[in-house]
Amino acid sequence: MYFIPHPKHISVVSPGFCHAERGFCIASLDASLQPLATAMLSPINNDGIPIRIERKPVPVPDTFAHHDLLAREAYRLTIKADEVIIDGISPASVRNAFATLEQLARQTDGLLPLTLIEDYPSIPYRGVMLDVSRGKIPNRTKMEEVTRLLASYKYNVLQLYMEDCYILQSHPLLSRSNGYYTKEEVAYLDAYCKQYGIELQPNIQCLSHAHGLLRNPGYHTLAESEVSLFSFAAGKPEIYDLFSDIFHEVLPWFTSKTLNLNLDEAYDLGTGYSKQAVKQKGGREVFKEHIQRIASVARKAGAVKLQLWGDCLNKYPNLQDELDDDLVFIDWNYNPLEKFPSLDNHDASKRPFWLAPGTSSWNALFPRTQQADANIRNYIKEGFARQVQGVLVTHWGDYGHHQPISFSYHGFVRGAEHAYNGAVTQEKELDAALHALFFADAHQSKAYSLLGTINTLPSVTTAFKTQIFYAFFDDLFKGLSLVGDDAYPSISKETFASVESLAREALNQLGQSRDDSVFQEELLHAARCLSFTGRKGQLSHAIRQSFLERAVTEDQILSWILDIKELYRVFLSLRNEFVRLWKNEAVEIGSEGAVYAFDKAASRYAEAVIWLNSQRLALHQGLALDYWMETYKAHEGYTTLWTGNCTNLWDRAYPWR
């Protein structure tokens, strides 16, 4: 049998089986636990095997850090021939037992081996952070799906990363153009999460990444720099009045008393409003004062436990020693490293800390799975050795949030295993469990692997960006993916050919899968986009090479024009499919940024055809051809995604660049 997360101790107590084919009877459970059992177990049947709860503690080794927190989630699951017994002292322990029981029942069709399982987590707080501020605001159906997924893999925290996606009575202008969650919607989600044993925590950006707020009329004066409109002006009194309004309205939507203040990537601190203060007191002091003032405002609004990202400690070592004890730093890193130097900033014996790996699904047509897998495993392993208190697996949506939320599920599940067990599980064991529990069948699993392999091809991945994603929208003749620069190497014709080949094989595998879920549709769309990009890149290289080799005929040009028109037709089909899939999981407002990338790129095909036809006419008239494409100027001024100036109407990412 396979489990995610894998229990600490499993033993078969006797031969034989528990016949739970008809499901489970929960009539004897407390009324408070019956909704949880109904949500997590299937089927529920009065004629099924009865489940009995005993409020007995389950031992956790004293050698584990955060022992008391872990003990709240420890459980014992005893499967007898005629009943299932769960020992545990809290609803959290019962929830974890239900998750294990459901995974076992799924794999045995209800014919359960007579088994004793004793289990407890290795790290007490295991959460996911969902970016809902870069254009994609998940709808209720998607958020319910995410919640159920997290509960089934024993997560206990979900954070909503909110830059500007909350609607305020005191500031009705904010979020008008970008979409938002209402008090009623958050309250619904909060209750839904609580039903599954998950704490929904607010995560409100309080310094940088504030362009969604600062670009509103009347609010630009609160910016550190009125040029970039990226960060709030640290130290400006009006800032703290604004956040007092925000916190007093938004925090009561959540029952959690934990608030993530963020405060990361304050790159423009000291460049505008705070320049004089930084000159006089230093950036460390100005930043610290901002933390203290924001924290004070948050406490007055009801927050009890405060968090912030730990990248500031790389610039201001030991800053946490100068702050109040209720502030918990979250170290973040998304690189596939063997060692993580930033963890040296933390000493768990002095102050608890969390760490945040990433799913690497952003800036990509398909997640950089190898990057994410190594990052999640190695980071949590080192963090566990350093007695980390919490893990927050991050899902970001940079540059318009093009990727489906489900493309982070694979990372969430791997993170669940490693956070629960301290990253001791071997990769082969985890892969086998994923095949059994996560993927619909072997064909879907194989396709997922093939698509992930594309990101390992030469020049495809650069840091946190997948260049094939850029190539999908790129200019056909002089795009960055074809010519490259100091930061982004060009992608060769051979690599584009490999992209198409791997994507086509993935499509073949998906075609053999019997899964009819939305996740399957999203995988098919990604595979089609990748196959298209490989085909497009090969055609671009072939045309450029033919001109350089002076091997151009009128028939060849006409053939290329037909190829480009066919590509354009496919591109429009992919655009429409993208919009349909977006509407499946998110509200429509906010999609305009992502769709704009499609609509802007659509002009590339006409420009390429216009120039090719000018060369056909030159041939027809006996004139010299432009073999170096010097007269092709359509690429000038054309930018997309991370190569843009990031101050346009649709920007949802990094304007300081």
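**Backbone geometry, sheet and helix packing**

Y399 is buried, with a relative accessible area of 10%, a value that falls under the 20% limit for this class. In this predicted model, Y399 belongs to the loop between β14 (390-395) and α12, and although Y399 is not a glycine, its phi is positive, at about 60°. The loop between β14 and α12 also holds H401, for which phi is near 60°, again a positive value in a residue other than glycine. H401 counts as buried because its relative accessibility is 0%.

Cis peptide bonds are found before two prolines. One joins I4 and P5, with omega at about -5°, and P5 is situated in the segment before β1. The other runs from S42 to P43, with omega near -10°, and P43 is located in the loop between α1 (34-40) and β3.

An open sheet is formed by six strands, which follow the order β1-β6-β4-β5-β3-β2 with mixed pairing. The edges are occupied by β1 (9-19) and β2 (24-25), each of which has a single partner strand, so one side of each is left without a neighbour in the sheet. The partner of β1 is β6, to which β1 is joined by seven bridges, the two strands running antiparallel; within this pair, I10 has I117 of β6 as its bridge partner. Strand β6 is also joined to β4 by four bridges, again in an antiparallel arrangement, and here Y75 is matched with D119 in β6. On the next step along the sheet, β4 (residues 75-79) and β5 (residues 84-87) run antiparallel and are connected by four bridges, with T78 having I85 in β5 as its bridge partner.

Helix α3 (residues 91-108) lies across β2, β3 (49-54), β4, β5 and β6 (111-119), and the helix runs at about 35° to β4.

A further packing arrangement involves helix α12 (residues 409-421) and helix α13 (residues 427-437), whose axes come within 11 Å and cross at roughly 130°. Because of this angle, α12 is described as oblique to α13, and the crossing of the two helices is right-handed. On the side of α12, the contact is made by H410, V413, R414, E417 and H418, while α13 contributes E427, L430, D431 and L434. When these residues are sorted by class, the contact of α12 with α13 comprises three nonpolar, two polar and four charged residues.

How values were computed:
Residues numbered from 1 in each chain as written. Predicted model: local features only at pLDDT ≥ 70, side-chain atom pairs only at ≥ 80, totals over all residues. Heavy atoms only, no water. Axes fitted to C-alpha atoms, helices over the stretch in contact; angles between N-to-C directions. Parallel < 35°, antiparallel > 145°, perpendicular 65-115°, else oblique. Left-handed = near helix turned anticlockwise from the far one by under 90°. Contact = heavy atoms within 4.5 Å. Nonpolar A, V, L, I, M, F, W, Y, C, P; charged D, E, K, R; others polar. Pairing = 2+ DSSP bridges. Buried < 20%, exposed > 50% of the residue type's maximum accessible area, 1.4 Å probe, protein only.
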